[in-house]
Amino acid sequence: MHGLVIKNTGSWYQVKTDEGQVVDCKIKGNFRLKGIRSTNPIAVGDKVDITLNNEGTAFITSIDERKNYIVRRSSNLSKQSHIIAANLDQSFLIVTVNYPETSTIFIDRFLATAEAYRIPVSLIFNKVDLYTPEELQLLDALVSLYEHIGYPCYIISATDGQGVDAIRALLPHKVTLFSGNSGVGKSTLINAIHPAFQAKTGEISEYHNKGMHTTTFSEMFEVAGGGYIIDTPGIKGFGTFDMEQEEVGHYFKEIFHYAAGCKYSNCTHVHEPGCAVRQAVEEHLISESRYISYLNILEDEHEGKYRAAY
Ligand SMILES: Nc1nc2c(ncn2[C@@H]2O[C@H](COP(=O)(O)OP(=O)(O)OP(=O)(O)O)[C@@H](O)[C@H]2O)c(=O)[nH]1
Ligand SMILES: [Mg+2]
Ligand SMILES: [Zn+2]
């Protein structure tokens, strides 16, 4: 039988077969994917072949070639990757200016990784009902920064329902990943899109510095009219995985644009003479926060680590 991996709870995978039946599956024996050193060889969104056994469960025996996938470093200092999801049409990064604060470094790390895997991203700024006038100003600045670079931005409140219709309209016939820090309201938004989904949500006060996550496993929800949403556990740091130094600039759209004018074709935009990117930063044509994020990723790849806070 053939099906879609809709949930991953550690060693068990829920597979929805092409016939519509949901089966609990395990990976057969030493089944491992070639070429990727990953903590999870199979991810939500994967399409797989399964063989039923007598207990009503099944073994996953093979995996279809992926259209794409998105990975991050599995933890600080780790040389392994974690596949967040596979076969995506788009990704939403849920961001909050405060409650909790999403750093621009985190946003830019996510965007760069999505660029590397050619997955379109929209930024969803949630909890706008809570923002103070100063936070609303910061929100405006972020929205104009990212829209200018080319990322669609949406301002919403998942609890008030403000802006949720616009998000719902983006979903039919697509597989959409919902990602972001813990507590930004991914699961709350999913429930606002369709109350029947009943994704588990948590009180923000419970999160404080405990590293707690309400959503502990990735799970797919089927959207009315076709398509899927993937809810994921919140992530604290987004470590980029396996990016060459010269490559990182390709994943920042505006840096890539200005890099065409650098003296050296392999310029890393750090110290080289005749660097058009650094000049563009000085002239405020490239935002300083984006350049800082760029340098921050370079450092990772250099030292093989990332800073947990981002
Ligand atoms: N005021 C306000 N609170 C919100 C909004 N969206 C979510 N929340 C609250 O934020 C808290 C966390 O929401 P969740 O949906 O569990 O967050 P999450 O991103 O799924 O978190 P993880 O599953 O841990 O990654 C809950 O108490 C929600 O009620 C919003 O738009 N406004
Ligand atoms: Mg959640
Ligand atoms: Zn340069």
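**Exercise 1.** Which side chains does a polar contact of 3.1 Å join? Place the tyrosine concerned in its surroundings.

*Solution.* This is a predicted model, in which local features need pLDDT of at least 70, side-chain atom pairs count only at pLDDT 80 or more, and totals for chains, interfaces and linings use all residues. Residues are numbered from 1 along each chain as its sequence is written, chains are lettered from A and ligands numbered from 1 in the order in which they are written, and side-chain values use heavy atoms, with hydrogens and water left out.

Step 1. The side chains are those of Tyr99 and Glu135. A polar contact is a pair of N or O atoms within 3.5 Å; within protein, one must be able to donate a hydrogen and the other to accept it, and residues adjacent in sequence count only if both atoms are side-chain atoms.

Step 2. A polar atom of the Tyr99 side chain also lies 3.3 Å from the backbone oxygen of Leu130.

Step 3. Tyr99 sits in the loop between β8 (90–95) and α1 (104–116). Helices (H or I, at least four residues) and strands (E, at least two) are DSSP runs, numbered from the N terminus.

Step 4. With a relative accessible area of 29%, Tyr99 is partly exposed. Buried means under 20% relative accessible area, exposed over 50%, and partly exposed in between (1.4 Å probe, protein chains only).

Step 5. The peptide bond from Tyr99 to Pro100 is cis, with omega near -10°.

**Exercise 2.** Describe the coordination of the zinc ion (ligand 3).

*Solution.* Step 1. Identify the donors: Cys262 (SG), Cys267 (SG), His269 (ND1) and Cys275 (SG) coordinate the zinc ion (ligand 3) at 2.1 to 2.4 Å. Donors are N, O and S atoms within 2.8 Å of the metal (3.2 Å for Na, K and Ca); water is not among the atoms, so sites may look incomplete.

Step 2. Read the spacing along the chain, which is C-x4-C-x1-H-x5-C.

Step 3. Examine the geometry. The arrangement is tetrahedral because the 4 donor atoms subtend angles of 103 to 117°; four donors count as tetrahedral if all angles lie between 85 and 135 degrees.

Step 4. Check the accessibility of two donors: Cys262 is buried at 10% relative accessible area, and Cys275 is buried at 7%.

**Exercise 3.** Which residues are closest to ligand 1, and which backbone atoms approach its oxygen atoms?

*Solution.* Step 1. Ligand 1 is surrounded by 25 residues, the closest being Asp129, Ser182, Thr188, Gly202 and Gly234. A residue is near a molecule or strand if one of its heavy atoms lies within 4 Å of it.

Step 2. Polar backbone atoms lie 2.9 Å from a ligand oxygen at Ala158 and 3.0 Å at Gly183. For Val184, a backbone N or O atom lies 3.4 Å from an oxygen atom of ligand 1.

Step 3. The protein covers 91% of the 660 Å² of accessible area that ligand 1 has on its own. Accessible areas come from the Shrake-Rupley method with a 1.4 Å probe; for residues, only the protein chains shown count as cover.

Step 4. Asp129, one of the closest residues, also makes a side-chain polar contact of 2.9 Å with Ser157. Ser157 is buried, at 0% relative accessibility.

**Exercise 4.** Where are His173 and His284 found, and are they buried or exposed?

*Solution.* Step 1. His173 belongs to the loop between α3 (164–168) and β11 (175–179); His284 belongs to the loop between α7 (276–282) and α8 (288–303).

Step 2. His173 is exposed at 65% relative accessible area, and His284 is exposed at 69%.

Notes
Tetrahedral: all angles 85-135°; square planar, octahedral: opposite > 155°, others 65-115°.
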